[in-house]
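Work through the exercises below with the sequence and the coordinates open. Each task is followed by a solution in steps.

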Amino acid sequence: MSTEPGYSHSIPEAGHDDFEGLELQGKVAVFLYGGPSHIPGALRAHHSSTEERIKALRKAGAVGVVMLQNPKSEEMPWARVASSRFEPAMTFADPSLVEDQGLKVSAVFNSRHAEKLFAGARHSFKDVLAMADANRPLPRFELPSRLEARAEWKQAPVASSNVVGVLPGSDATLAKEYVVLTAHLDHIGVGVPVKGDAIYNGAMDNATGVAAVLEVARTLQALKPKRSVLFLLVTGEEKGLLGARYFAAKPTVPLSSIVANFNMDMFLPLFPLNHLLALGQEESSLVAPLQQVATAHGVTLVPDPAPNRMLFIRSDQYAFIRKGVPALSFKFSHAPGSPEERLMKAWHTRHYHAPSDDLRQPMDREAAAKFVRLLSDLTLAVANTPERPRWNDTSFFRRFASPLVEEARQREP
Ligand SMILES: [Zn+2]
């Protein structure tokens with residue numbers, strides 16, 4: 001049994017509920033990845049996270065889910081999406097850490113063949129896409145097609161560590177608080193060969209991020225920041241932000257002492273750094289020091305050009321955001337319609353999660369170095385400002401802030 005509930009979002013804060021009046025008990029929900037543009041990007045992304053989506057689907061009684069991608073927002077060719085099914089999945093050994101269980105079947109369906117699912121239904125997939133592209137509300141309706149699935153898997157334990165280092169702060173009081181820099185150290189490993197190459201190197205994704213964190217660590221030693229800075233290289237990002245989630249659940253310093261998180265995940269130094277996207281910049285006071293530092297480096301901050309790619313939830317900063325820590329995650333960006341935009345698109349098509357993400361691809365090393373200088377200035381600015389960063393009053397994510405932090409905030413004049 002299957003039903004198409006539009007984007008499959010339940011977002012009371014935005015007055016949007018794709019499940020309202022829909023009978024999903026015992027059914028498989030087929031949905032279009034994305035969301036209506038009147039819902040702010042960060043909120044749309046939060047509700048597109050696996051945890052939030054599964055929570056909503058289970059509440060509605062669904063037993064499975066099939067995701068369709070709008071061909072317009074596809075990041076890589078279908079062949080690579082399809083071969084990623086051979087990559088082993090991973091989860092926590094400790095069930096109390098697992099937040100995304102409860103559905104019997106979960107699948108990504110090739111959009112090129114999506115009309116098969118819609119055979120005999122009230123709308124075709126083409127109709128639904130046209131409505132999505134025109135930003136009209138999506139219809140929700142029963143699909144006559146039926147899904148039969150059988151699953152078989154092998155299970156094996158595996159251990160993988162986060163790596164964490166601390167630069168103690170130079171101010172006796174502020175040193176008890178931490179700015180956390182994160183980058184994931186894992187990639188895909190050995191996978192389906194492409195042109196005879198089975199090694200997925202991950203030079204951009206995410207050796208660049210790890211190198212940036214190490215370089216900031218080196219720079220800051222001489223500058224003696226007042227707050228402590230924690231350098232955290234997390235494992236298992238590609239398997240669902242596992243290392244970051246683990247750290248956020250069992251932090252090595254009190255969670256309430258973490259004032260901010262800056263995350264580096266394939267920031268993509270493909271061309272000179274003139275435009276920077278900082279995911280999360282609309283949500284917290286971190287935008288003020290960021291704006292200052294960006295201006296000093298001649299860099300323009302830009303809004304997210306493609307909110308439906310949901311980058312806000314797709315890397316390690318999201319584990320901190322869910323625990324109430326204001327965070328930013330960085331990407332090189334570009335003016336709309338520019339050659340840089342085409343370069344970035346081509347990079348995703350050719351190299352994203354492909355063996356060719358290696359050292360032979362072109363990289364703008366000077367631009368990468370400039371980004372690292374900017375990041376190091378930003379970290380220093382936040383570490384040295386006595387007032388701790390805070391969520392904007394209007395931010396949806398403020399609700400996750402530590403009660404201790406919120407209490408202290410109430411007491412402020
Ligand atoms: Zn990746």
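**Exercise 1: the strands around strand 13**

Four bridges join strand 13 to strand 16 (residues 327–333), and the two strands run parallel. The model is a predicted one.

Task: Find the bridge partner of N261 in strand 16, then place strand 13 in its sheet.

Solution.
- Step 1. N261 has A327 as its bridge partner in strand 16.
- Step 2. On another pairing, strand 13 (residues 258–264) is joined by six bridges to strand 9 (residues 178–184), and these strands also run parallel.
- Step 3. Two residue pairs fix the register with strand 9: L181 stands opposite F262, and T182 has N263 as its bridge partner.
- Step 4. The open sheet holds seven strands in the order 8-12-9-13-16-14-15, with mixed pairing. Strand 13 therefore sits between strand 9 and strand 16 in that order.
- Step 5. The edges are strand 8 (163–167) and strand 15 (300–301), each of which pairs on one side only.
- Step 6. For cover, seven of the seven residues of strand 13 are buried.

As background, strands of a sheet pair through backbone hydrogen bonds, either parallel or antiparallel.

**Exercise 2: the two faces of strand 4**

Task: Decide which residues of strand 4 (residues 28–32) are buried, and on which side each one lies.

Solution.
- Step 1. Five of the five residues of strand 4 are buried.
- Step 2. Sort them by side: V28, V30 and L32 lie on one, while A29 and F31 lie on the other. Both faces of the strand are thus covered.
- Step 3. Strand 4 is joined by five bridges to strand 5 (residues 64–68), and the two run parallel.
- Step 4. Within that pairing, F31 has M67 of strand 5 as its bridge partner.

**Exercise 3: the packing of helix 7**

Task: List the buried residues of helix 7 (residues 242–249) and name the elements they pack against.

Solution.
- Step 1. Six of the eight residues of helix 7 are buried, and the helix is mostly covered.
- Step 2. The buried residues are L242, G243, A244, R245, F247 and A248.
- Step 3. These residues pack against helix 2, strand 12 (228–234), strand 13 and helix 9 (317–321).
- Step 4. For the side of helix 2, take E51, which lies in helix 2 (residues 50–59). E51 has 4% relative accessibility and so counts as buried, the cut-off being under 20%.
- Step 5. Beyond residues up to four places away in sequence, E51 touches E99, R245, Y318 and R322. R245 is one of the buried residues of helix 7.
- Step 6. For the side of strand 12, take V234, which is in that strand. At 0% relative accessibility, V234 counts as buried.
- Step 7. With neighbours within four places in sequence left aside, the contacts of V234 are N162, A183, H184, L185, D186, G243, A244 and D316. Among the buried residues of helix 7 are G243 and A244.
- Step 8. V234 and H184 are 50 residues apart along the chain, yet their C-alpha atoms are separated by 4.6 Å.

**Exercise 4: a loop residue**

Task: Is P254 buried or exposed?

Solution.
- Step 1. P254 is in the loop between helix 7 and strand 13.
- Step 2. P254 has 55% relative accessibility. The cut-off for exposed is over 50%, so P254 counts as exposed.
- Step 3. P254 and E177 are 77 residues apart in sequence, and their C-alpha atoms are 8.9 Å apart in space.

**Exercise 5: the chain as a whole**

Task: How compact is the chain for its 413 residues?

Solution.
- Step 1. Count the elements: the chain has 12 helices and 16 strands.
- Step 2. The radius of gyration is 22 Å, close to the 22 Å that the globule rule gives for 413 residues, so the chain is as compact as a globular protein of that length.
- Step 3. The C-alpha trace spans about 70 × 55 × 45 Å along its principal axes.
- Step 4. Of the 413 residues, 52% count as buried.
- Step 5. Take the contacts between residues at least 6 apart in sequence: 82% of them join residues at least 24 apart.
- Step 6. The accessible surface comes to about 20,000 Å², and carbon and sulfur atoms hold 56% of it.
- Step 7. For charge, there are 46 positive and 45 negative side chains, and the centres of the two sets lie 1 Å apart.

Key: Residues numbered from 1 in each chain as written. Predicted model: local features only at pLDDT ≥ 70, side-chain atom pairs only at ≥ 80, totals over all residues. Heavy atoms only, no water. Rg over C-alpha atoms; globule rule 2.2 N^0.38 Å. Buried < 20%, exposed > 50% of the residue type's maximum accessible area, 1.4 Å probe, protein only. Contact = heavy atoms within 4.5 Å. Areas by Shrake-Rupley, 256 points an atom, 1.4 Å probe, with all protein chains shown as cover. Lys, Arg positive; Asp, Glu negative; His and termini not counted. Charge placed at Lys NZ, Arg CZ, Asp CG, Glu CD. Pairing = 2+ DSSP bridges.
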